[in-house]
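Dear colleague,

I am passing on the structure we spoke about, which you will find just below. Please look through it before reading my notes.

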Amino acid sequence: GHASEWGDLSPTAALDWTHVVPTTTWTGGLFVLVAVVVRRTLQWPVSLLADVMRRFSRVAAWCLLAVVGSGAYAAWVQVGSVGGLWRTVYGRAVVVKLLLVAGLIWWGAVNRYIVLPGLAAGRAPGVGERMFRWGRSRLIGSRPMARGALPSRLAAYLTREVLLALLVFGCSAVLSESTPARHARHLDPRAAGDAHGHAMAGERGGPAPAISR
């Protein structure tokens, strides 16, 4: 990818691997859950389903930390400026990808802090769960779920996560085939012409003459 411009053993390439490996671990786990677990949610004991989801949620949380940190660094390096987010195809793809990842995180948080505690009834809510529930109630109101409906809700939310993950991969494909926003100025003939005109003006000690058309 674009990180190879600095060399295969550069810190940027290492962070790119740090981004790719947790991403595939997290989303690959989602695909397996939808393909295997979701098909049998109504047949599994609720306690077993809760145990499986708790283990996956723990892995996904660590993967999310690595993905967000490495992704933020990659965006900072490849975009280069705030203006590059909307002036270039690469930057706009980054914005769309960020929105999709935000949706992916949201449904993951709903599963972790709303559905999973309902499956594992009797557990004391943690700080993260209480904060998420409070924020969710302020945004969309409080919507209690019956415990019997939680397995089907889990299946629906996991499916939404998988669909969002596929769209995120599509954005990643666009990014890999697009020129990074940090190169946009060098490839823009108008920017190059302006830079040449300013340089000539500096050499003459005055403004560059206007070119009549």
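Below are my notes on helix packing, salt bridges and a surface patch.

Please keep in mind that this is a predicted model.

I begin with helix 4 (residues 89–119) and helix 5 (residues 127–140), whose axes lie 10 Å apart and which pack at an angle of about 115°. Angles of 65 to 115 degrees count as roughly perpendicular, and helix 4 and helix 5 are therefore described in that way, as roughly perpendicular to each other. Their crossing is left-handed, and the residues in contact include Trp-106, Tyr-113 and Pro-117 from helix 4 together with Phe-132, Arg-136 and Ile-140 from helix 5.

A second pair is formed by helix 1 (residues 11–37) and helix 6, whose axes come within 9 Å and cross at roughly 140°, which makes helix 1 oblique to helix 6. The crossing of helix 1 and helix 6 is also left-handed. Among the residues that meet there are Thr-23, Leu-30 and Phe-31 in helix 1, and Val-162, Leu-166 and Phe-169 in helix 6.

Leu-166 and Phe-169 appear again at the surface, where they form a nonpolar patch with Leu-163, the three having about 270 Å² of accessible area together. Leu-163 is itself placed in helix 6, which covers residues 150–177.

As for charged pairs, the count comes to 2 salt bridges. One salt bridge joins Arg-54 to Asp-51, with the closest N and O atoms 3.4 Å apart; both residues lie in helix 2 (residues 46–79), 3 residues apart, or about one turn of the helix.

With best wishes

Note on methods
Residues are numbered from 1 along each chain as its sequence is written. This is a predicted model: local features need pLDDT of at least 70, side-chain atom pairs count only at pLDDT 80 or more; totals for chains, interfaces and linings use all residues. Side-chain values use heavy atoms; hydrogens and water are left out. Patches are made of residues with over 30% relative accessible area and no salt bridge: like charges are joined within 9 Å, nonpolar side chains (Val, Leu, Ile, Met, Phe, Trp, Tyr) within 5 Å. Accessible areas come from the Shrake-Rupley method with a 1.4 Å probe; for residues, only the protein chains shown count as cover. A salt bridge is a side-chain nitrogen of Lys or Arg within 4 Å of a carboxyl oxygen of Asp or Glu. Helices (H or I, at least four residues) and strands (E, at least two) are DSSP runs, numbered from the N terminus. Axes are lines fitted to C-alpha atoms, for helices over the stretch in contact, and angles run from 0 to 180 degrees between N-to-C directions. Angles under 35 degrees count as roughly parallel, over 145 as roughly antiparallel, 65 to 115 as roughly perpendicular and the rest as oblique. A crossing is left-handed if the near helix is turned anticlockwise from the far one by less than a right angle, and right-handed if clockwise. Contact means heavy atoms within 4.5 Å.
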